[in-house]
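Student: I am new to this structure. Please take one part and give me a close look at it, then show me how other contacts fit around it.

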Amino acid sequence: PSFRVLDTYVLALLGFAGLSILMFFRDRGWHPAGGVVAAIALAFGASASWRVQHIGQIKSFALVWISLWLLSRALERRSVLYGIGAGLTAGVMLMEPDQVALLGSYLLGAYVLNHWLTAPDRAQALKQSLAPIGAASLVGAVLVVVPLVLTMLFVAGSNRPQIPFAEAVRGSLHPASLLTFLVGDLYGALDPKVDYWGPFSESWDPSELTLAQNMSQLYVGALPFLLILTHGLTRGHAAAREIRFFAVATLLMVLYAVGRHTPLFHLLYDYLPGVQLFRRPADATFLIGGTMAILGGYLVHVLATSAPSSAGLPKRLLALGLPAGGLLAAVTVAVYQRHFMDAWQPILFAAVWLAGSSLPVANLPRLARLAPRLGVVSRAARAAGVDSVTIAGALKIDVSKIGRIDGVTLADALAATPRSSNV
């Protein structure tokens, strides 16, 4: 296919993933502004943006969220038709297995288990879900049985049927990369004027260069992450029953991604089927971006629909201290690595975006007081406040990244490519 067709395919996949999240929010009656924030952050954040050239993993990533929406409808509406749809999309996701598809399948399975365990009547929930889950399983099995059997036969004849643990954990996400949740492009992975100096670089450790510089980027936007730090953690909204699943999933995916830096990955490697077949636990950053986007969007919903409330002084200090502590940690790492002059600009930009994001966060509760009198106008204003910040943040990250590849603008690269050239 041509570059144009390939780009259209990738962006369409991400677009359908975002639309699925919008529908997921709509089905739950969550605020549309939250759905838009979640959809934008999911489609243009973390590895969905930084690793957009990994077409197979982008496909798996998009199909995870499409399958999640269809699966949720199948369970909630006891619909065999939606079950068939979920089985179809999940089956296509698994036909060309990669680690994103593996983790996505476990996420979908855990979602079904969570549906059963959190239902008021577990036995009734299990009974009512048998038909849609059975339909999904049957359709998915029909699609994947031949490709997976052929893959297993190929693996059986391979001289490396599984990845040794010592090799697999070399692709673990470095804990210092977690700072990119807060500071986009902290280590200069994007800036053509800066030699990348973060984890897995010559500057950081010349003996460990396993991951490419774009594989350690986790930024999903200032607004979602600010809400997770403030309202999600300090006020406990991330523990609410309706969103707890995604909060726990985010935590588990982060622990999986950092690999050798916690004991969890060794247990998963030994006992969780499929993990031994893949290297690079850092691939979990795809799923981290998705679950964090949903969590951040839900917190926008809480902020836009709940009655205004004031937190006590300790919680307010913690809400200020967490982002400030993250910025201070970024400064400390930059100074310690002797790259502060390379890092001061992204750290400053992060502080500006956090300050800009705090404006709609602070004003949404005030607008909520006027909601009964302003009606539609209030709802539109609240939506515009958070969505404009999110869209601006998405444009800041993605347009600048897509526009340059190793210091060469995309326009220049395409201009040097014959029009008839195909990939």
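**A close look at helix 4**

Tutor: Start with how helix 4 sits. Of its 23 residues, 19 are buried, so helix 4 is largely enclosed by the rest of the structure. Keep in mind that this is a predicted model.

Now its length. Helix 4 covers residues 55-77, and at 1.5 Å a residue its 23 residues should span 33 Å. The end C-alpha atoms are 33 Å apart, which agrees.

Next, the end of the helix. Arg-77 lies in helix 4. With a relative accessibility of 46%, Arg-77 counts as partly exposed, because the buried class stops under 20% and the exposed class begins over 50%. The C-alpha atom of Arg-77 is 9.2 Å from that of Ser-129, and the two residues are 52 apart along the chain. Just after helix 4 comes Arg-78, with a positive phi near 50°.

Now look at charged contacts. Side chains of opposite charge can pair when their charged atoms come close. The structure holds nine salt bridges. One of them joins Arg-73 and Asp-27, with the closest N and O atoms 2.8 Å apart. Arg-73 is in helix 4 and Asp-27 is in helix 1, so this pair ties together parts that are 46 residues apart in sequence. The two ends sit in different surroundings: Arg-73 counts as buried at 6% relative accessibility, while Asp-27 is partly exposed at 23%.

Lys-59 makes a salt bridge with Glu-96, and here the closest N and O atoms are 3.6 Å apart. This pair links distant parts of the chain. Lys-59 is in helix 4, and Glu-96 is in the loop between helix 5 (80-95) and helix 6 (99-117), 37 residues away. Lys-59 is buried, with a relative accessible area of 11%. Glu-96 is exposed, with 56%.

Away from helix 4, there is a further bridge to find. Arg-170 and Glu-208 meet in a salt bridge at 3.4 Å, N to O. Both residues lie in the loop between helix 8 and helix 9, so the pair ties together parts that are 38 residues apart in sequence. Arg-170 is partly exposed at 31% relative accessibility, and Glu-208 is buried at 13%. These two also belong to a network of salt bridges that links Glu-167, Arg-170, Glu-208 and Arg-260.

Return to helix 1, where Asp-27 sits. Turn to rings. A pair of aromatic rings is described by the distance of the centres and the angle of the planes. The count comes to 17 aromatic pairs. Among them is the pair of Phe-24 and Phe-246, with centres 5.8 Å apart and planes at 85°, which makes it edge-to-face. Phe-24 is in helix 1 (residues 3-27) and Phe-246 is in helix 10 (residues 244-257), so the pair ties together parts 222 residues apart in sequence. Both rings belong to buried residues.

Phe-24 has other company. Arg-28 lies over the face of Phe-24, 3.6 Å from the ring centre. Phe-24 and Phe-246 are also members of one aromatic cluster, along with Phe-25, Trp-30, Tyr-111, Phe-245 and Tyr-298.

Compare a stacked pair. Phe-181 and Phe-225 have ring centres 5.5 Å apart and planes at 10°, so the pair is stacked, as planes under 30 degrees apart are. Phe-181 is in the loop between helix 8 (165-168) and helix 9 (222-234), and Phe-225 is in helix 9, so the pair ties together parts 44 residues apart in sequence. Phe-181 is buried at 8% relative accessibility. Phe-225 is buried too, at 11%.

Finish at the surface. Val-335, Phe-340, Met-341, Trp-344, Leu-348, Phe-349 and Val-352 form a nonpolar patch there, with about 690 Å² of accessible area together. Six residues, the largest share of the patch, come from helix 14 (residues 340-374). Phe-349 is in helix 14. Its relative accessible area is 39%, so Phe-349 is partly exposed.

How values were computed. Residues numbered from 1 in each chain as written. Predicted model: local features only at pLDDT ≥ 70, side-chain atom pairs only at ≥ 80, totals over all residues. Heavy atoms only, no water. Phe/Tyr/Trp six-rings, centres within 6.5 Å; stacked < 30°, edge-to-face > 60°. Helix = DSSP H or I, 4+ residues; strand = E, 2+ residues; numbered from the N terminus. Buried < 20%, exposed > 50% of the residue type's maximum accessible area, 1.4 Å probe, protein only. Lys NZ or Arg CZ within 6 Å of the ring centre and 35° of its normal. Patch = residues over 30% accessible without salt bridge, like charges linked within 9 Å, V, L, I, M, F, W, Y side chains within 5 Å. Areas by Shrake-Rupley, 256 points an atom, 1.4 Å probe, with all protein chains shown as cover. Salt bridge = Lys/Arg side-chain N within 4 Å of Asp/Glu carboxyl O. Expected span 1.5 Å × (residues − 1).
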